[in-house]
Amino acid sequence: MAAGLVAVLIAAVVVALVRGGGADAEAGASTPVRGGTLRFALIDYQRSPDPQWGTNYAESLIGNNITDKLTWQDPATGAITPWLAQSWEYTKDLTEFTFHLRPDVTFSDGTPFNAQAVKANFDQYVHGDPALGILPNGAPLLAGYQETKVVDEHTVTVRFAKPSASFLQASSFTANAQPGFLSLSTLKLSAQQRTDPKKIIGTGPFVYESWEPQVKTVLARRQGYHWAPPALHHDGEAYLDKVEFNTVPEASVRTGSLVSGAIDATLDVSTTDEKPLADQGFQIIHRGVSGTAIHFALNASLFPTDDLAVRKAIQLGWNRQTIEKTVLTPSYSIAKSILEPSVPGYADYSGSALKYDPDQAKRLLDQAGWAPGPDGIRVRDGRKLTVKLLGINNLVANKPAYESVQQDLRAIGIDLQLTVVPIPDYAAQQAKAKDSWNVTAANRSRNDPAVLKLQFSPASGNTSYLSQASPGVDLNEVTSTLGKLETTLDPAQRAQYTKAAQDLVVDKYALVNPVYNPSQVIAQAQYVHGILFDAQSRNHFVDAWKSDGK
């Protein structure tokens, strides 16, 4: 194998940055206290204990604390650093990646984590197992996966049918449907059997104690754990005895529970509660969610968003400052590209395609034949300029941000109709979005520019539903431009390809209307320390502790 870059240099991590903006400085200097239970509230609930299946934030967050990954992505720099893999190399054509595993890692049932476990996990993750009712979750993340070869007990080679530059980042991936490693005994279980949390065996710093669907998940410290990512500088087991994740859908109840002391920390802090909680002495910590912005994916094959003029008018027709002032807090930022600023290759379009220019938006619509109707909504050929949006209510700023856009677009003659629902309802509707919805509004977590290929390439996500019926769009150009993101790990070349990809989806074809950059915001009591945000802004509790020890 031609040697590529060998990852042997551990990137330095600034603890305050990993913990997120606003983290207390003294926590890094204090001596952690062992013991106690951290009571943590979430808006969502864990629908299954299986971490490779979960597709909401609660599921990925909990999964991160019972499983580990081959690599760790530095949330401050984006660098890929060692974890369960001590080093790696890859071929020049980026089709083979060889990992050299730590020899001292075990699953919580005492069985070894080794090359065979990596192979079994990746094979099932990508291909699923129909006999067990296990769906293939990993195909998008590991596109082109062919096989994992066991070289020896602690060496594996992962092979792809085509270049896969993003696979290194995928080996650290911590968001939805993550490739966290499960024991061979767990992989043999059916999907139904994996609803028993005691049968979900990982290598992580915590193990399942209990799971009450829609109510609570409790994790207990894993005895003997000593392989946290070296970049975290954490030696040995987790500090906490337990982490108790409580599902609390109502923002006011989460806030009230924190103030009353019923919980120690809460995610999903309402934007209107951040300052009052800070004024009461609670700490607010946050990190932007790397990947795409919260955005409108514009259906380029469905009337009226199949009209480029309509798509560009939607981009130009709303006031971003209004959302900054009335909806967002300093924990968030307005979107200036489809990518969140921490993603390598991010480019700023706030002075061009994504500026607020309602006059230009009106001119575009006028030129395209959209005339104002008697109620102010534009009409062409007897059909109203009605744009139907399907969104998710899983982030507290989503609906008010969309309502602000809705109000501004109405002023230029676009009737944006909002349907903002919980994730299960969104998923059900998304299945028929191609023919029913002009806009699907969401984001995608992944700190790698290949997230653009996953979302917009006709060969993969295709969230703008590009087809031969999409007027004026060159499908080959879109596929080729986004595909180049997988062909190199050279930083300069990849930055060039990332800029070209953004130019295409944001400017030339206006396939997206980025709205704001989401953030995960935690409010915590003064005695809570060390909750980490990773590169996908998921939380890890291996380093968390409570100074009251309770």
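**View 1. Which helices and strands help line the largest pocket?** Helix 3 (57–64), helix 13 (423–430) and helix 15 (451–456) each bring at least two residues to the lining, and so do strand 13 (294–298) and strand 20 (439–442). Keep in mind that this is a predicted model. Helix 13 is the top contributor to the lining of the largest pocket, with four residues.

**View 2. Into the middle of the largest pocket.** The volume here comes to about 1,200 Å³. In total, 43 residues line the largest pocket. If you want the ones nearest its centre, look for Thr 55, Asn 176, Asn 443, Arg 444 and Gln 455. Sorted by class, the lining is a mix: 21 nonpolar residues, 16 polar ones and six charged ones.

**View 3. Helix 9, tucked into the rest of the structure.** Helix 9 covers residues 308–316, and eight of its nine residues are buried, so the rest of the structure largely encloses this helix. The buried set runs Ala 309, Val 310, Arg 311, Lys 312, Ala 313, Ile 314, Gln 315 and Leu 316. Buried here means under 20% relative accessible area. At the N-terminal end of helix 9, Asp 307 acts as the cap. One of the side-chain oxygens of Asp 307 sits 2.9 Å from the backbone nitrogen of Ala 309, and Ala 309 is itself on the buried list.

**View 4. An open sheet of six strands.** Read across the sheet and the order is 14-21-13-20-18-19, with mixed pairing. At the edges are strand 14 (333–334) and strand 19 (415–421); each has a single partner strand, so one side of each has no neighbour in the sheet. Two strands of this sheet, 13 and 20, also turn up in the pocket lining of View 1.

**View 5. Strand 13 alongside strand 21.** These two strands run antiparallel and are joined by four bridges, with strand 21 made up of residues 512–517. For a landmark, find Phe 296, which stands opposite Asn 513 in strand 21.

**View 6. An open sheet of three strands.** The order is 15-16-17, and the pairing is antiparallel. Strand 15 (371–372) and strand 17 (383–384) are the edge strands, each pairing on one side only. Strand 16 (residues 378–380) runs antiparallel to strand 17, and two bridges join them. Here the landmark is Val 379, standing opposite Lys 384 in strand 17.

Methods: Residues numbered from 1 in each chain as written. Predicted model: local features only at pLDDT ≥ 70, side-chain atom pairs only at ≥ 80, totals over all residues. Heavy atoms only, no water. 1 Å grid on protein atoms, 1.4 Å probe; cavity = no way out; pocket = protein on both sides within 12 Å on 5 of 7 lines; lining within 4 Å. Points joined across faces, edges and corners; volume = space filled by probe spheres on them. Nonpolar A, V, L, I, M, F, W, Y, C, P; charged D, E, K, R; others polar. Buried < 20%, exposed > 50% of the residue type's maximum accessible area, 1.4 Å probe, protein only. Polar contact = N/O pair within 3.5 Å; in protein donor to acceptor, adjacent residues only side chain to side chain. Pairing = 2+ DSSP bridges.
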